[in-house]
2 protein chains.
Amino acid sequence: MSIDPTEQIPLTDRAERLLKVLVESYIRGGQPVGSRSLARVAGLDVSPATVRNVMADLADMGLVHSPHTSAGRIPTTLGYRTFVDRMLKVRPLQQETIDELREGLDPSLGHHDLVETASGLLSGISHLAGIVTVPRAERAVLRRIEFLEMSEGRTLVILVTNQQEVQNLIIRLDRPYSASELEQIANFLNERYAGKDLQAVRRGLLDEMDGVRRDMNRLMAAAVELGEKVFSAVSKEQDDYIVAGQTELMRYGDLCDMNKLRHLFEAFNRKRDIITLLDKCIHADGVQIFIGQESDYKPLNECSVVSAPYVVGEDVVGVLAVVGPTRMAYEKVVPLVDITARLLGSALNLRG
Amino acid sequence: MSIDPTEQIPLTDRAERLLKVLVESYIRGGQPVGSRSLARVAGLDVSPATVRNVMADLADMGLVHSPHTSAGRIPTTLGYRTFVDRMLKVRPLQQETIDELREGLDPSLGHHDLVETASGLLSGISHLAGIVTVPRAERAVLRRIEFLEMSEGRTLVILVTNQQEVQNLIIRLDRPYSASELEQIANFLNERYAGKDLQAVRRGLLDEMDGVRRDMNRLMAAAVELGEKVFSAVSKEQDDYIVAGQTELMRYGDLCDMNKLRHLFEAFNRKRDIITLLDKCIHADGVQIFIGQESDYKPLNECSVVSAPYVVGEDVVGVLAVVGPTRMAYEKVVPLVDITARLLGSALNLRG
DNA sequence: GGTTAGCACCCGTGCGACAAGAGTGCTAAG
DNA sequence: CTTAGCACTCTTGTCGCACGGGTGCTAACC
């Protein structure tokens with residue numbers, strides 16, 4: 001949110017109030033709101049005509065527009081933006097919702113399950129789609145590595161990280177290693193690197209490869225080479241997320257166009273584009289909101305994305321988000337995303 | 001297909017031909033087909049009036065119906081059924097499609113990837129949704145089991161099956177075991193059970209528990225108990241499937257009702273009901289077709305499911321299916337499902 | 001000057017009428 | 001048994017029309 005396009009726009013108190021009420025009431029009702037009802041509900045004790053004048057100004061500033069002459073007004077993207085940045089009063093979550101989140105995000109679950117339930121909770125509570133990226137492994141701490149020969153040239157690598165996470169991958173070796181050789185290599189790597197995070201491990205391995213190659217014995221050389229193979233593969237294996245509750249989006253008249261909705265769903269499946277969008281906010285701290293075209297991605301043109309990074313220790317390890325029609329209940333979604341991010345972070349954190 | 005409700009219905013050659021053409025032409029066009037066009041395209045050299053008479057008979061038999069007086073005719077479920085059972089001439093797949101399948105289902109892929117690509121291929125080729133169940137592990141052959149202590153009471157079990165499949169799960173032990181104890185237990189289990197399929201392993205373990213309990217030493221007893229824990233957990237871990245191309249279904253006007261479509265998608269996510277449906281055909285050999293309400297499951301009322309079990313060795317290990325509107329190109333989908341099932345089976349088989 | 005009432009006007013929506021077209025069912029003749 | 005003919009039904013599209021919500025503008029008002 002470093003660039004705030006609304007900073008410049010000056011609004012009288014009344015205009016501001018009217019915009020706020022307009023957005024709220026459009027979010028609630030989903031229909032263009034006219035001057036009469038706006039005047040009534042705003043509690044400002046002004047006539048519809050006055051409201052119309054104000055609306056004309058807001059329209060000039062690009063904050064609202066009519067879908068056609070003589071329907072009520074609808075907020076534009078910029079209108080939502082202004083609303084969100086300047087008028088949004090977040091309403092704290094109900095205690096029972098918080099309890100539900102806290103219960104669901106049980107620290108004893110595995111990474112994958114945590115991500116999945118987080119996504120499910122986001123969606124279930126907001127009645128919108130939830131997205132949670134799989135946490136980056138780079139900062140996970142290596143606890144143990146083991147090798148297991150499977151068949152000619154294919155070796156199973158078992159990687160235990162943090163307290164409980166297990167990851168296995170199969171690598172191909174260019175020459176056969178004996179079982180005891182593999183054991184020694186594992187021992188070497190464990191002794192040297194257990195307790196460091198994967199990023200550090202990889203850096204360490206690269207250093208060793210570069211540097212003192214000649215004073216390594218064969219075993220060490222093999223260990224380093226093999227390790228590098230493993231950890232480069234692991235670091236590639238990221239960039240994934242879990243979506244829950246796509247179907248919720250089929251409930252909203254706003255997105256009733258089957259074709260657009262299809263494109264949106266396909267985008268969810270394709271993942272790539274969504275990932276790049278989520279990446280954008282991985283280092284914004286706190287909740288971030290993309291409204292309509294702000295996401296700069298066609299399938300999301302009529303959607304808003306409310307996202308927040310989640311943090312383990314000092315490090316941002318992932319992002320979660322809620323996706324729904326532009327016309328969503330921001331005042332509820334924002335705190336939901338916020339708190340879910342915190343709870344997910346701490347659930348992951350407790351597991352070390 | 002043991003019960004064939006159409007066996008009884010006698011049809012003149014002409015009626016049969018007309019029904020066939022009607023179904024084909026409705027599948028192609030999606031609109032009720034009238035007597036005039038039917039007469040023309042059937043190539044029978046009869047007048048529309050004659051066709052109308054035949055249609056009246058077919059309607060009496062419940063094979064076709066009009067959406068209302070004086071629209072063309074549409075096949076009923078029973079009509080489709082008759083068509084599929086008695087008139088469907090499967091058209092062999094194009095060679096390039098077969099190549100695409102064969103290439104995609106690379107035996108060197110892991111189980112999970114195979115299932116995923118199979119599902120994707122089914123969907124991509126048919127432009128419908130594809131479903132493939134994860135292969136049952138029961139008949140997979142145990143190659144090796146290893147234990148790795150992780151933290152107090154939590155032990156990682158690594159299970160290598162067939163040539164290349166790795167599965168790991170974490171179990172809780174009621175008492176702590178030393179590393180060497182675990183190693184011995186693993187050795188015991190490996191010696192005794194490597195090469196047998198998981199079902200046999202489990203049976204064996206249960207036998208040992210039941211039977212000769214007293215002449216086992218402590219180690220054996222522990223091994224048996226632990227093993228039982230593992231293999232009972234593994235056998236529960238099944239009953240899953242992978243869906244691909246749900247979004248394709250949003251393309252068809254037949255399923256344009258957003259609500260129904262939502263229910264369908266939710267059914268895909270819920271999985272349970274779909275699984276029970278797929279279970280029904282796991283032991284029918286060859287392709288099976290559920291048309292509309294035949295599936296006996298509301299969300300699928302306007303869909304057909306074309307399914308086939310896939311086989312490794314002698315054993316059916318899973319089912320795959322294509323789901324689409326009742327009005328689908330059966331003559332293409334049937335061979336597609338058939339061949340994909342064979343290729344998936346053999347891809348899994350090659351991997352031992 | 002800001003605010004308001006009044007008024008002309010615009011435009012989406014719903015409704016009824018109407019014609020066209022497609023298709024049927026029935027009957028009577030071949 | 002087949003077919004032509006015909007009356008009838010029902011959907012679809014279009015047009016016109018009235019209605020109502022909402023606007024923009026202007027002129028009066030405080």
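This tour goes through a predicted model, from the whole assembly to the DNA surface, the chain contact and one sheet.

Residues are numbered from 1 along each chain as its sequence is written, chains are lettered from A and ligands numbered from 1 in the order in which they are written. Since the model is predicted, local features need pLDDT of at least 70 and side-chain atom pairs count only at pLDDT 80 or more, while totals for chains, interfaces and linings use all residues.

**Confidence.** Colour chain A by pLDDT (the predictor's confidence in each residue, from 0 to 100). The chain A average is 90, and 95% of the residues score at least 70. Of the chain A elements, helix H9 (residues 218-236) has the lowest mean, 84, and strand S3 (residues 129-133) the highest, 98. Helices (H or I, at least four residues) and strands (E, at least two) are DSSP runs numbered from the N terminus.

**DNA strand D.** Select the residues near DNA strand D (C-beta atom, placed from the backbone, within 6 Å of it). There are 22 around the strand, and the closest are A:Gly34, A:Ser35, B:Thr50, B:Thr69 and B:Ser70. Helices H2 (35-42) and H3 (48-60) of chain A and helix H3 (48-60) of chain B each supply at least two residues; H3(A) gives the largest share, four residues.

**The two chains.** Superpose chain B on chain A (least squares on C-alpha atoms of residues with pLDDT of at least 70 in both). The operation is a rotation of 180 degrees with 0.0 Å of shift along its axis, at an RMSD of 0.1 Å. That is the relation of a two-fold axis. In chain B, B:Met258 has the C-alpha nearest the axis, 3.9 Å from it.

Next, show the residues in contact (C-beta atoms, placed from the backbone, within 7 Å). Chain B and chain A contribute 20 residues each. On the chain B side, strands S4 (142-151), S5 (154-161) and S6 (165-172) and helix H10 (258-270) give two or more residues each, with the largest share, five residues, from H10(B).

**A sheet in chain A.** Select the open sheet of five strands, ordered S7-S3-S10-S9-S8 with antiparallel pairing; strands pair if DSSP finds at least two bridges between them. Its edge strands are S7 (241-244) and S8 (288-291) of chain A. Four bridges join S8(A) to S9 (residues 303-312) of chain A. Zoom in on A:Gln288, which stands opposite A:Ser307 in S9(A).

Key
Two residues are in contact if their C-beta atoms, placed from the backbone, lie within 7 Å.
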